[in-house]
Amino acid sequence: MKPAPTLSTAFLQPAGQALPAPLLELRKQRGAALVDMPLPTRKTENWKYSSKRLKLTEEMAISLPTTGKAGSALAVPGYKVVFTNGVMIPEASEYPDLDDISIQRFGELSEAQARDLAERLDSTLDMKTVQFAGLNTARFEDGLVIRLNPNAVLDQPLFIINEVTADASGSAFPRIYVDAGANSQITLVEEYISSGQEPVMVNTVTEFTLAEGANVTNIRLCMDGENVQHIGATGVRQQRNSRFESHCMGFGGPLRRHDLQVRLEEQGAECKLNGVVVTQGTQHYDNHTTIEHIAANCDSEETYRNIATDKSHAVFNGRIHIHQDAQKSNANMNNKNLLLTTGAEIDTKPELEIYADDVKCAHGATIGQLDEESLFYLVSRGIPRREANVLLTMAFINELVVQIPVEAVRETVHTRLNQFFDQAFQEV
Amino acid sequence: MLSIKNLHASVEGNEILKGIDLEVKAGEVHAIMGPNGSGKSTLAQVLAGNDTFEVTAGEVIFSGDDLLEKKTEDRARDGVFLAFQYPVEIPGVSNMQFMRTAVNALRHHRGEPEMNAAEFMKLAREVSKQVDLDPAFLKRGVNEGFSGGEKKRNEIMQALMLQPSLAILDETDSGLDIDALKVVSDGVNALRSEDRAILMVTHYQRLLDHIVPDFVHVLADGKIVKSGGRELALELEERGYSWLGIAEDEATEASSAN
Ligand SMILES: Nc1ncnc2c1ncn2[C@@H]1O[C@H](COP(=O)(O)OP(=O)(O)O)[C@@H](O)[C@H]1O
Ligand SMILES: [Mg+2]
């Protein structure tokens, strides 16, 4: 029997030393822990459908060079922090200097702040299930830490543009940590984009801790190119009466993997997780979400939609875990899937584990095709078949698109969806 | 305008239409009556281009062209409109978006400029009043949560918006109360014109009190078994179908299926 493949040690050599000592130390520890890390295979349950898409070459082990400048000048309606290849570009970033909200790159932290951060990093995630998050911690060269004091409100969305320049093979490790104080509020938009054509990996981790009454909205736009394997994790811990809302908009690629883990740790915490994925060609997208209902009286509402065409493959795995003390939990999970061709594949698996007896829990998953009768009705009114297909496909996800609370993001999503429709229905 | 010759159609290998012949001229209103299951909706759907039904023989000439050769959307652009017996509910697509797309597709086909949102709204509001639908319904999903009567009025509204040259109305009168029947038949009468033909599938004489047809045809078991003027409808009302040799139980048996 062949030994299980392990992560090449070349992947455990971090670049960039411009970090405070506690973070360098954390990086080293995580790297040491990943020696001989087995790579996921078909037999790795939570990578069952995606392991064959993971193609890490030795060339991809090196960190993509820090360019020092932003590849594309993006105008955003709000504040902006630009990272290129996992390193912040201050000249391209515009954000306010506020008393009650601090936005700092890792390198700017004092020794004491860095020590505190080092203790918090990785604490929102179940690191056993997201080994690649560990790789990010072993490799990050920079990162952004946002701290909101109690009652602080960021008045505009903060866009974090994470770009990779794939002019050569390599990897990038963007990292974000958000600490939302009591009753604070922020809308954070993460945009993942790329330029260049060489095969690269983007390995991201974003973490949120929400103190009592905090209100955080996170929009995640995954729009990397066809040469980018994107493996990302988002971890969330919520205290009493806090609210977390997420909108994950995913466009396929050779490998797209996102793990979203939310822990409702105190009473009255509430999360709403929306997700839309579209895949075409031979693209692949795999969303794994976990909601831990740890305390009583928490609500979770999860709605994910996948649309797959051509020979692409979309995966949804949604786990809800209701702990013994989480009485009066309200958990709703809904996943609907649309196959536009017979060659496309969608795998969906809702997983419910319930250890409390007084809970309201509902889940549903469906896989279907566009309704022929509806199509006929539309074209019988003279609507071109392509447009009828677009109307019905859009109807499948529109409910989620309209909920994205930032108009500019909705526009970006519409533009990308139109490109998708142009491809998907070109022969219609 | 419409000439149907020896039309045969099947679904899943079962022959439903068994040789239909029908001539409809511009300006005429034809009523097609007949028991449930006799093939009325099949005829309507075949004319609109529903490929669930396979045409196995015969021809249909519409405005000089071979209609059966054409795609559904092209038939619509050439002026064929079908008011469905069972209009489809399409959540997520608003009535407004749906109708505006349809109106503009037609205008585009005719080389006319598209209607902008404001122009369209103005027209849509007027027409919705004409069929007694609250304009607020324009924002809802297509037919979503509509009552039976609202769905039928919405079909007539679409006909009024699209101004087809051949309007095929499949039981647009069924399930309507007296007031709604009046609204719908006023709508249909508004459609009547010299250069437009109306093919009206109905079950009941009562619609024909409001919309006086030029011709009445009785369809039974996939064939037109009798044609006449409007007095034929009155006779059917009085005597039922049995005097035409149509088995009563065919009518009742099939009615459960549809
Ligand atoms: N999609 C279909 N699949 C199978 N059978 C059908 C279908 N549509 C109609 N039929 C059958 O064709 C016959 C005629 O139906 P239809 O045209 O709806 O009759 P009508 O409108 O006169 O009541 C019925 O026996 C019906 O069951
Ligand atoms: Mg019928």
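**Notebook: strands, helices and salt bridges in chains A and B**

I began with one pair of residues in chain A: A:Thr187 stands opposite A:Thr217, the latter in S10(A). The model I am reading is a predicted one. I then looked up the strands around this pair. Strand S8 (residues 185–196) and strand S10 (residues 215–222) of chain A run parallel and are joined by eight bridges.

**Entry: the sheet of chain A**

I traced the sheet outward from there. It is an open sheet of ten strands with mixed pairing, and the order in chain A is S2-S1-S5-S8-S10-S12-S14-S16-S18-S20. At its edges I find strand S2 (87–88) and strand S20 (360–368) of chain A, each of which pairs on one side only.

Next I checked which helices lie across these strands. Helix H5 (residues 385–401) of chain A lies across strand S12 (243–251), strand S14 (270–279), strand S16 (299–308) and strand S18 (330–339), and runs at about 155 degrees to S16(A). Helix H6 (residues 407–424) of chain A lies across strand S5 (158–166) and also across S8, S10, S12, S14 and S16. I noted its angle to S12(A) as about 30 degrees.

**Entry: helices H1 and H3 of chain A**

I looked up helix H1 (residues 21–33) of chain A. Its 13 residues reach 18 Å from the first C-alpha to the last, close to the 18 Å expected at 1.5 Å a residue. Which residues of H1(A) are buried? I list A:Pro22, A:Leu23, A:Leu26, A:Arg27 and A:Gly31. These buried residues pack against helix H2 (111–120) and helix H3 (131–139) of chain A.

I followed the contact to H3(A), which is mostly covered, with eight of its nine residues buried. Among them are A:Phe132, A:Leu135, A:Asn136 and A:Arg139. The cover over the buried residues of H3(A) includes H1, strand S7 (175–180), strand S9 (200–210) and strand S11 (228–238) of chain A.

**Entry: salt bridges within chain A**

I searched the whole structure and got 34 salt bridges over all chains. I wrote up some of those in chain A.

In the first note, the side chains of A:Arg120 and A:Asp116 meet at 3.1 Å, N to O. The two residues are four apart in helix H2 of chain A, so about one helical turn separates them. A:Arg120 counts as partly exposed because its relative accessibility is 25%. A:Asp116 is likewise partly exposed, with a relative accessible area of 28%.

I then turned to A:Arg257 and A:Asp286, whose side chains meet in a salt bridge of 3.2 Å, N to O. This pair links distant parts of the chain: A:Arg257 is in strand S13 (residues 255–264) and A:Asp286 is in strand S15 (residues 284–293) of chain A, 29 residues apart. Are these two residues, A:Arg257 and A:Asp286, buried or exposed? I find both buried.

For A:Asp358 and A:Lys328, the closest N and O atoms of the salt bridge are 2.7 Å apart. This pair also links distant parts of the chain, 30 residues apart. A:Asp358 is in the loop between strand S19 (345–354) and S20 of chain A, and A:Lys328 is in the loop between strand S17 (313–322) and S18 of chain A. A:Asp358 counts as partly exposed because its relative accessibility is 34%. I also logged a network: A:Arg30, A:Asp122, A:Arg175 and A:Glu207 are joined by salt bridges that share partners.

**Entry: the interface of chains A and B**

I looked up the contacts between the chains: 17 residues of chain A touch 30 residues of chain B. The area buried between chain A and chain B is about 1800 Å², and carbon and sulfur atoms give 67% of it. Which three residues supply more than any other three of the area that chain A buries against chain B? They are A:Phe376, A:Tyr377 and A:Arg381, which supply 43%.

How many salt bridges does the rule find across the interface of chain A and chain B? I get two. I noted a salt bridge between the side chains of A:Arg381 and B:Glu155, at 2.7 Å, N to O. A:Arg381 is therefore entered twice, being also one of the three residues named for buried area.

**Entry: the sheet of chain B**

I ended in chain B, at an open sheet of six strands with mixed pairing and the order S6-S9-S10-S3-S11-S12. Its edge strands are strand S6 (80–83) and strand S12 (223–228) of chain B, each pairing on one side only. Neighbouring strands of this sheet are turned by 20 degrees against each other on average, direction ignored. Strand S9 (residues 166–170) and strand S10 (residues 197–201) of chain B run parallel and are joined by five bridges. I closed with B:Ala167, which stands opposite B:Ile198 in S10(B).

Conventions
Residues are numbered from 1 along each chain as its sequence is written. Chains are lettered from A and ligands numbered from 1 in the order in which they are written. This is a predicted model: local features need pLDDT of at least 70, side-chain atom pairs count only at pLDDT 80 or more; totals for chains, interfaces and linings use all residues. Side-chain values use heavy atoms; hydrogens and water are left out. The expected span of a helix is 1.5 Å times one less than its number of residues. Buried means under 20% relative accessible area, exposed over 50%, partly exposed in between (1.4 Å probe, protein chains only). Contact means heavy atoms within 4.5 Å. Two strands pair if DSSP finds at least two bridges between them. Axes are lines fitted to C-alpha atoms, for helices over the stretch in contact, and angles run from 0 to 180 degrees between N-to-C directions. Buried area is the accessible area (1.4 Å probe) that two parts lose on being put together, summed over both. A salt bridge is a side-chain nitrogen of Lys or Arg within 4 Å of a carboxyl oxygen of Asp or Glu.
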